[in-house]
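Dear colleague,

I am passing on the structure we talked about, together with some notes on what turned up in it. Please look through it before reading further.

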Amino acid sequence: MLILLSPLIAYLLYKVKQAQGKCCPSCGTPLIPFQHPASKTIQQWKQGGYRCRNCGCLTDLDAKEIPDGPYPKRRTLLLVLIGLNLLLMISFLSLVFFFLPFLRAFR
């Protein structure tokens with residue numbers, strides 16, 4: 001199980017290390033590396049960045065303030081989430097069908 005989750009663990013460690021030591025330019029609050037996907041602007045989706053949990057200031061990856069931009073449409077977010085879920089289901093089913101003959105051999 002740990003082998004299957006190792007890419008996710010590595011990604012989480014990378015995100016935490018990337019935001020470490022960065023503070024909001026407006027209020028000085030430490031920036032958190034995780035943000036709800038619906039609260040990201042299109043620029044943040046393309047280039048990355050943070051939103052201050054205290055004042056709502058938008059920053060880029062270098063913790064420099066950026067102007068507010070347009071948010072993605074709800075339909076786009078839903079399509080992306082559906083696509084990611086389908087990819088996960090296809091991956092899981094392919095693993096199940098790959099290992100199914102091996103499980104039958106042990107009976």
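**Cysteines first**

C23 is partly exposed, with 38% of its relative area accessible. Please keep in mind throughout that this is a predicted model. A search for disulfides across the whole structure returned zero, and C23 is accordingly in no disulfide, the nearest cysteine sulfur, that of C24, being 8.5 Å away. Why is C27 not bonded to C52? The closest cysteine sulfur to that of C27 is indeed the one in C52, but the two are 3.6 Å apart, which is too far for a bond, given that a disulfide requires the sulfur atoms to lie within 2.5 Å. C27 itself is partly exposed, with a relative accessible area of 35%.

**The chain as a whole**

The chain contains three helices and two strands, and from the N terminus on these elements follow one another in the order α-α-β-β-α. Its radius of gyration is 19 Å, whereas the globule rule gives 13 Å for 107 residues, so the chain is more spread out than a compact globule. In keeping with the topic of overall form, the C-alpha trace spans about 65 × 30 × 20 Å along its principal axes. Of the 107 residues, 20% count as buried, and the accessible surface comes to about 8,600 Å², with 69% of that surface belonging to carbon and sulfur atoms. If one takes the contacts between residues at least 6 apart in sequence, 41% of them join residues that are at least 24 apart.

**The nonpolar core**

In soluble globular proteins, nonpolar side chains tend to be buried together. Here the largest nonpolar core has seven residues, namely A19, C24, L31, Y50, C52, C57 and A63. For one of these, A63, the contacts can be listed: leaving out residues up to four places away in sequence, A63 touches K22, C23, P25 and L31.

**The loop between the first two helices**

Three residues of the loop between α1 and α2 deserve a separate paragraph each.

T29 lies in this loop, which runs between α1 (2–19) and α2 (42–47). Is T29 buried or exposed? Its relative accessibility is 15%, so T29 counts as buried, the cut-off for that class being under 20%. Setting aside residues up to four places away in sequence, T29 touches K22, C23, C24, C52, R53 and N54.

K40 is placed in the loop between α1 and α2 as well. Beyond its neighbours within four places in sequence, K40 is in contact with Q35, W45, Y71 and P72. With the last of these, the separation in sequence is 32 residues, while the C-alpha atoms of K40 and P72 are 8.0 Å apart in space.

T41 also has its place in the loop between α1 and α2, and T41 is buried, with a relative accessible area of 1%. Not counting residues up to four places away in sequence, T41 touches R51, L58, G69, P70, Y71 and P72.

**Aromatic residues in the last helix**

The structure holds three aromatic pairs. In one of them, the rings of F98 and F102 have their centres 5.8 Å apart and their planes at 65 degrees, so this pair is classed as edge-to-face. Both F98 and F102 belong to helix α3 (residues 74–105), where they are four residues apart, or about one turn of the helix. How do F98 and F102 stand with respect to solvent-accessible area, and what are the values? F98 is exposed, with a relative accessible area of 52%, and F102 is partly exposed, with a value of 46%. F102 also pairs with F99: the ring centres of these two are 6.2 Å apart and the planes stand at 50 degrees, so the pair is tilted. F99 and F102 are three residues apart in helix α3, and therefore separated by about one helical turn. F99, for its part, is partly exposed, with a relative accessible area of 42%. Taken together, F98, F99 and F102 form one aromatic cluster.

With best regards

How values were computed:
Residues numbered from 1 in each chain as written. Predicted model: local features only at pLDDT ≥ 70, side-chain atom pairs only at ≥ 80, totals over all residues. Heavy atoms only, no water. Buried < 20%, exposed > 50% of the residue type's maximum accessible area, 1.4 Å probe, protein only. Contact = heavy atoms within 4.5 Å. Phe/Tyr/Trp six-rings, centres within 6.5 Å; stacked < 30°, edge-to-face > 60°. Core = buried A, V, L, I, M, F, W, Y, C linked by side-chain atoms within 4.5 Å. Rg over C-alpha atoms; globule rule 2.2 N^0.38 Å. Areas by Shrake-Rupley, 256 points an atom, 1.4 Å probe, with all protein chains shown as cover.
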